[in-house]
Amino acid sequence: DRGGLGKIMARRFQVVLLIALALGVVGLASPALGADPASLVHLPKPSSVHTEPLHVPSKTLMGPGPSTAHPRVLQAAKLPLLGHLHGEFVKIMIEVQEQLRYAFQTTSKYVLAVSGTGHAAMEAAVANFVEPGDVVLVGVNGIWGERMADLVERYAGVVVRLEKPGGQVFHPDEVERELVANPEIGLVFLTHGESSTGTLQPIEGMGDACKRHGALFFLDTVCTLGCVPFNVDKHGVDITYSGSQKCLGAPPGASPLMVSSAAMAKLKQRKTKPFTYCFDLNLLGEYWGFEDNPRWYHHTGMVTNMYTLREALSILQDEGLAEAWTRHREAAERLWSGLERMGLELFVENPEDRLPTVTTVKVPEGVNWKDVASHMMHKHKIEISGGLGPTAGKVFRIGIMGYNAGPQQVNRLLSALKEALDLYGQPKGEL
């Protein structure tokens, strides 16, 4: 009887399967995972990492950045997450845009915060406004000019270098001479606050010179937005980017970017798409509502960073832009005076060319800057930095930005610096 035999065979198969399951020979899990998901875990748990809640020391960050965040900013970072297209979050984005217009002093509608640090906003600007073959005049008087020249070349632009030694700045007539000699220049880049050398670039007249020759004025304001006087519309700036972690005193990760209507027109006239998806302002503009369009998903916005940026900009708004500029200037002058009383020499000779937010101080002969910085960190939890680019090994860099730009913080830094220099061979001076 074939029917009876079939039933017997089926019963025997079920018995064998049950026995195999019991012995673990056969699994019911997905074939991709195998019988036991744990079999895919080959590495042990990292024994060097402790899993209790994270704790980090409290430090006073007075290097070139990031700077110490205001307690209100840190509190904002504790807020619950929202979806990146939730109505509440879009409202925060709109408020940040309004606050950035105030900080930049511009009526341009093309204002946003790029997802990433200042380098991200820097690259976003180049990726959108430099096409292959475009000629860009780059002012090089420190590492940020060098880095911009590198970026322009990576996007197949042609760099015309206008060079000065570290510690010196450019003047409008020098820029105009280059524009006359090279009429194909379409973009002029300068660094407003050159943090590697400590210079503040004068920008009066630069925008006018650019416009006379049909070029866009492109300005790095990473170390100046919110701390140093400038007015995007008055000074004729077409493209500028900044960072959240310096003068504004927010965590790094949401970087302001502003472009003028003239710059946006250049973007719309490109012969090729920008060689980036992440930073394409045509797409980002739809997420940020440049044309009052319904918000469109481009990427997941940095929700917590937007909270902290809004809080930092709210603090600036409460204080007032002119008042913040004055506070930073007074703090810088207090620092410069104290350093000179100690017998130290400032790297930038002309006081008018000194950057209030990042001061460069010549390391005294026979002193290792790392010994001084290490002492200040280990004993006082105060950070200062050494030089960068053309100043590497030659200077200390001291940041007076945001929450740290006050007499108490400056006095504490000067006291700790003098103590460290007394230990490591600095000639005698006074505070």
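How many of the five residues of strand β2 are buried? Four are, so strand β2, residues 111-115, is mostly covered, given that buried means under 20% relative accessible area. The model described here is predicted.

**Strand β2 and its partner**

Strand β2 does not stand alone. It pairs with strand β10, residues 254-259, in the antiparallel sense. Five bridges join β2 and β10. Within this pairing, S115 stands opposite A254 of β10.

**Spaces inside and at the surface**

Strand β2 also borders an enclosed space. A search of the whole structure finds three cavities of 30 Å³ or more. The largest cavity holds about 70 Å³ of space. It is lined by 15 residues, and those closest to its centre are A113, S115, W288, H299 and M302. Three elements give two or more residues to this lining: α3 (87-104), β2 and α9 (281-287). Of these, β2 gives the most, with four residues. S115 thus appears in two settings: opposite A254 in the strand pairing, and among the residues closest to the centre of the largest cavity.

The structure also has pockets to consider. About 400 Å³ of space lies in the largest pocket. K59, L61, T68, A69 and L74 are the closest to its centre, out of 19 lining residues. Two elements each give two or more residues to the lining, namely β1 (60-61) and α2 (71-76).

The linings of the two spaces divide by class as follows.

| Space | Nonpolar residues | Polar residues | Charged residues |
|---|---|---|---|
| Largest pocket | eleven | five | three |
| Largest cavity | twelve | three | no charged |

The lining of the largest cavity has no charged residues. The lining of the largest pocket has three.

**An open sheet of three strands**

Another sheet is built from three strands in the order β11-β14-β13. The sheet is open, and its pairing is antiparallel. Which strands stand at its edges? They are β11 (358-362) and β13 (385-386). Each has a single partner strand, so one side of each is left without a neighbour in the sheet. Strand β14, residues 395-399, pairs with β11 over five bridges. One of the residue pairs here is V361 with F396, its bridge partner in β14.

Ahead of β11 comes a loop. L355 lies in this loop, between α11 (321-341) and β11. Is L355 buried or exposed? It is buried, with a relative accessible area of 0%. L355 and V259 are 96 residues apart in sequence. In space, their C-alpha atoms are 24 Å apart.

**Two sides of helix α8**

Helix α8 spans residues 261-268, and A263, M264 and L267 in it are buried. These three cover an arc of only 100° around the axis, which puts them on the same side of α8. S261 and K268 are on the other side of α8, and both are exposed.

**Cysteines**

A disulfide is a covalent bond between the sulfur atoms of two cysteines. How many disulfides does a search of the whole structure find? The count is zero. C223 is in no disulfide, and the nearest cysteine sulfur, that of C247, is 6.1 Å away. That distance rules out a disulfide for C223, because the two sulfur atoms would have to be within 2.5 Å. C223 is buried, with a relative accessible area of 2%. C278 is partly exposed, at 41% relative accessibility.

Conventions: Residues are numbered from 1 along each chain as its sequence is written. This is a predicted model: local features need pLDDT of at least 70, side-chain atom pairs count only at pLDDT 80 or more; totals for chains, interfaces and linings use all residues. Side-chain values use heavy atoms; hydrogens and water are left out. On a 1 Å grid over the protein atoms alone, a cavity is a set of points where a 1.4 Å probe fits but cannot get out, and a pocket is an open set with protein on both sides within 12 Å along at least five of seven lines; lining residues have an atom within 4 Å of a point. Grid points are joined across faces, edges and corners, and a volume is the space filled by probe spheres set on the points. Ala, Val, Leu, Ile, Met, Phe, Trp, Tyr, Cys and Pro count as nonpolar, Asp, Glu, Lys and Arg as charged, and the others, Gly among them, as polar. Buried means under 20% relative accessible area, exposed over 50%, partly exposed in between (1.4 Å probe, protein chains only). Two strands pair if DSSP finds at least two bridges between them. The arc is that of the directions from the helix axis to the C-beta atoms.
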